[in-house]
Amino acid sequence: MIRILIVEDEKPISNLMRMSLSRAGYHCTCVYDGLAAADLLERESFDLILLDVMLPGVDGFELMGYIRPLEIPVIFITAKNAVSDRVKGLKMGAEDYLVKPFEIIELLARVEVVLRRYHKLGSVLEIGGLHIDLRSMQVFRDGQEIALTPKEYELLLLFAQNPGIALYRETIYQRVWDSEYLYTTRTVDLHVQRLRKKVGWQQILVAVPKVGYRLEVPRELSH
């Protein structure tokens with residue numbers, strides 16, 4: 001299992017990240033200051049670090065100097081107006097940065113991109129009774145391939161990589177169709193209806209009133 005260290009002194013933000021990443025199948029450990037993070041890194045290994053810049057004791061930039069020789073990828077977490085912090089963090093070797101406040105779907109997407117860059121994610125996703133081959137972009141149920149259009153596959157992958165998270169129609173449309181959402185369109189709803197039937201997710205891909213959709217996967221159907 002992928003292990004992620006969250007170094008964030010604002011406990012509500014830290015808890016939100018831990019909960020969301022845990023739901024997506026990651027093992028998370030939280031610490032709230034730089035010294036605690038350094039002590040933990042002496043004893044344990046991690047696949048990724050989410051590192052806040054402003055920390056008590058040892059700040060994120062100082063800690064980055066300690067992390068760099070360990071060759072663990074880092075995503076910096078910065079304040080909205082701290083452009084200089086983002087630039088400095090990237091120059092110091094961070095793979096990416098998140099700007100507060102951020103949406104959970106953005107957090108998960110950036111984490112996934114960095115882990116793939118470091119070849120830490122597998123090429124197969126098993127969820128909701130489906131076997132999804134990420135390299136060949138093929139989807140199987142009970143050994144039988146399910147034919148999906150490119151948009152249906154992208155939609156499936158979006159839900160599969162964000163289980164338990166309510167996704168707004170606007171977010172779904174922007175991620176899959178890569179354009180601004182029009183509130184008069186029913187494109188998302190129609191594609192979700194077709195996808196449900198094709199992959200057998202009628203019971204677990206549920207509508208969230210006034211929001212969009214959420215994939216509710218029983219533990220025994222998620223790997």
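This is a tour of selected helices, rings and strands, in the order in which to select them in the viewer. The model is predicted.

**Helix α3**

Begin by selecting residues 60-67, which make up helix α3. Show the side chains and pick out Gly60, Phe61, Leu63, Met64 and Ile67, the buried residues of this helix. Then turn the view until you look down the axis of α3: these buried residues fall within an arc of 155°, so they line one face of the helix.

Next, display what covers them. The cover includes two helices, α2 (34-43) and α4 (83-91), along with the strands β1 (3-7), β3 (48-52) and β4 (74-78).

Before leaving, select Asp59, which caps the N-terminal end of α3. One of the side-chain oxygens of Asp59 lies 3.0 Å from the backbone nitrogen of Phe61.

**Helix α4**

Move on to α4, residues 83-91. Here the buried residues are Asp85, Arg86 and Gly89. They span an arc of only 100° around the axis, which puts them on the same side of α4. Rotate to the face turned away from that buried side and you find Ser84 and Lys91, both exposed.

The buried residues of α4 are covered by elements including α3, β4 and β5 (96-99). After the helix comes Gly93; its phi is positive, near 115°.

**Asp96 in strand β5**

Now select Asp96, a residue of strand β5. Is Asp96 buried or exposed? With a relative accessible area of 14%, Asp96 is buried, since buried means under 20%.

Which side chain makes a polar contact with the side chain of Asp96? It is that of Arg110, at 2.8 Å. To see the surroundings, add Val74, Ile75, Phe76, Leu90, Arg110 and Val114; Asp96 is in contact with each of these, leaving aside its neighbours within four places in sequence.

**Rings and charges**

Go to Arg3 and Phe46. The charged end of Arg3 sits over the Phe46 ring, 4.6 Å from the centre of that ring. A second stop of this kind is Lys11, which lies over the face of Tyr32 at 4.8 Å from the ring centre.

How many aromatic pairs does a search of the whole structure find? The search finds two. For one of them, select Tyr173 and Trp177: this pair is stacked, with 5.3 Å from centre to centre and 15° between the planes. Tyr173 and Trp177 both belong to helix α7 (residues 169-177), and because they are four residues apart there, about one helical turn separates them. Both residues are buried.

**Strands β6, β7 and β8**

Finish with three strands, taken two at a time. Select β6 (residues 124-127) and β7 (residues 130-133), which pair in the antiparallel sense over four bridges. Val124 stands opposite Asp133 of β7. Two residues lie between the strands in this hairpin, where Gly128 takes a positive phi near 55°.

Keep β7 in view and add β8, residues 138-141. These two strands are also paired in the antiparallel sense, over three bridges. Look for His131, which stands opposite Phe140 in β8. The hairpin of β7 and β8 has four residues between the strands, and Met137 takes a positive phi near 60° in it.

Definitions and conventions. Residues numbered from 1 in each chain as written. Predicted model: local features only at pLDDT ≥ 70, side-chain atom pairs only at ≥ 80, totals over all residues. Heavy atoms only, no water. Buried < 20%, exposed > 50% of the residue type's maximum accessible area, 1.4 Å probe, protein only. Arc of directions from axis to C-beta. Contact = heavy atoms within 4.5 Å. Polar contact = N/O pair within 3.5 Å; in protein donor to acceptor, adjacent residues only side chain to side chain. Phe/Tyr/Trp six-rings, centres within 6.5 Å; stacked < 30°, edge-to-face > 60°. Lys NZ or Arg CZ within 6 Å of the ring centre and 35° of its normal. Pairing = 2+ DSSP bridges.
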